[in-house]
Amino acid sequence: MVRPRKYTVDAATATVAFGATSSIHPIRTGGSASGWFTASIDGDSFADARSVSGHLEVPLTGLSSGNLLIDREMRRRLESGAHPTIVARVETAEISASGGMTVTGTIEFIGSEVVVEGELRVVAGPRLVGTGEFDVRWWGLDPPRLLMLRVDPIVTVDIDLPLVADL
C-alpha cells in the first residue's frame with residue numbers, strides 16, 4: 001500500500017488557463033499557481049482517496065491574455081486589488097472509474113466561496129491535470145456585455161500542476 005505524501009506544487013512551472021467564448025472571439029488567459037496536495041500516488045494513478053487534501057492559489061495579477069486592454073478590464077471586473085487571489089481547497093475525493101479522482105472542495109473567488117466538484121488525473125512526473133467548467137455567476141459576477149460583445153458566463157479552467165514530493 002502506498003502511503004499518503006505531501007507534495008508542493010512547483011509554482012515555477014504550474015499553469016492555470018481560463019477560456020471563455022464571446023460573440024466576437026474566444027478569450028484565453030492564464031497564469032501560474034502555488035500550493036500543496038496530499039495524496040497516495042502510485043506511478044500515474046491515485047492509490048487511495050481517503051487521505052486526499054489540497055490547497056491551490058492563483059494570483060489574479062499574474063493572469064495574462066496577451067492583450068493589455070482585456071487584462072486591465074479583467075482585473076477591474078474581478079476587483080483584483082480587493083481580492084488578489086483565487087483560492088481552491090480540496091476537501092473530499094473518490095477514485096473514479098477512469099482511474100482519476102473526483103474531488104469536491106471550495107473555490108474562493110472575488111469574496112465568495114462556492115462548493116464545486118471536478119476531476120483530477122495524475123500523469124508521469126508526477127503532475128496533476130484537470131479540466132472543469134464553471135459559471136462565473138455562481139460567484140455573483142455578471143459577464144461583460146458591451147454593444148456587440150457578449151461574453152458567455154461559462155469558463156473552462158485547465159490546470160497542469162507539477163508536484164514535488166516534500167521530504
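The legends below describe close-up views of salt bridges in a predicted model.

**View 1. Asp 48 and Arg 50 are joined by a salt bridge.** The structure holds eight salt bridges, and in this one the side chains of Asp 48 and Arg 50 meet with an N to O distance of 3.0 Å. Asp 48 has a relative accessibility of 14% and therefore counts as buried, because that value is under 20%. Arg 50, by contrast, reaches a relative accessibility of 69%, so this residue counts as exposed, the cut-off being over 50%. Side chains of opposite charge can pair when their charged atoms come close.

**View 2. Glu 73 and Arg 77 form a salt bridge within helix 1.** The side chains of these two residues, Arg 77 and Glu 73, meet at 3.2 Å, again given from N to O. Both residues belong to helix 1, which covers residues 68-77, and they stand four residues apart, which is about one turn of the helix. Arg 77 is partly exposed at 27% relative accessibility, and Glu 73 is likewise partly exposed, with a relative accessible area of 32%.

**View 3. Glu 113 and Arg 89 are linked by a salt bridge between two strands.** The side chains of Glu 113 and Arg 89 meet at 3.4 Å, N to O. This pair connects distant parts of the chain, since Glu 113 lies in strand 8 (residues 112-123) and Arg 89 in strand 6 (residues 85-95), 24 residues apart. Arg 89 has a relative accessible area of 26% and is partly exposed.

**View 4. Three residues share salt bridges in one network.** Glu 73, Arg 76 and Arg 77 are joined by salt bridges that have partners in common.

Definitions and conventions
Residues are numbered from 1 along each chain as its sequence is written. This is a predicted model: local features need pLDDT of at least 70, side-chain atom pairs count only at pLDDT 80 or more; totals for chains, interfaces and linings use all residues. Side-chain values use heavy atoms; hydrogens and water are left out. A salt bridge is a side-chain nitrogen of Lys or Arg within 4 Å of a carboxyl oxygen of Asp or Glu. Buried means under 20% relative accessible area, exposed over 50%, partly exposed in between (1.4 Å probe, protein chains only).
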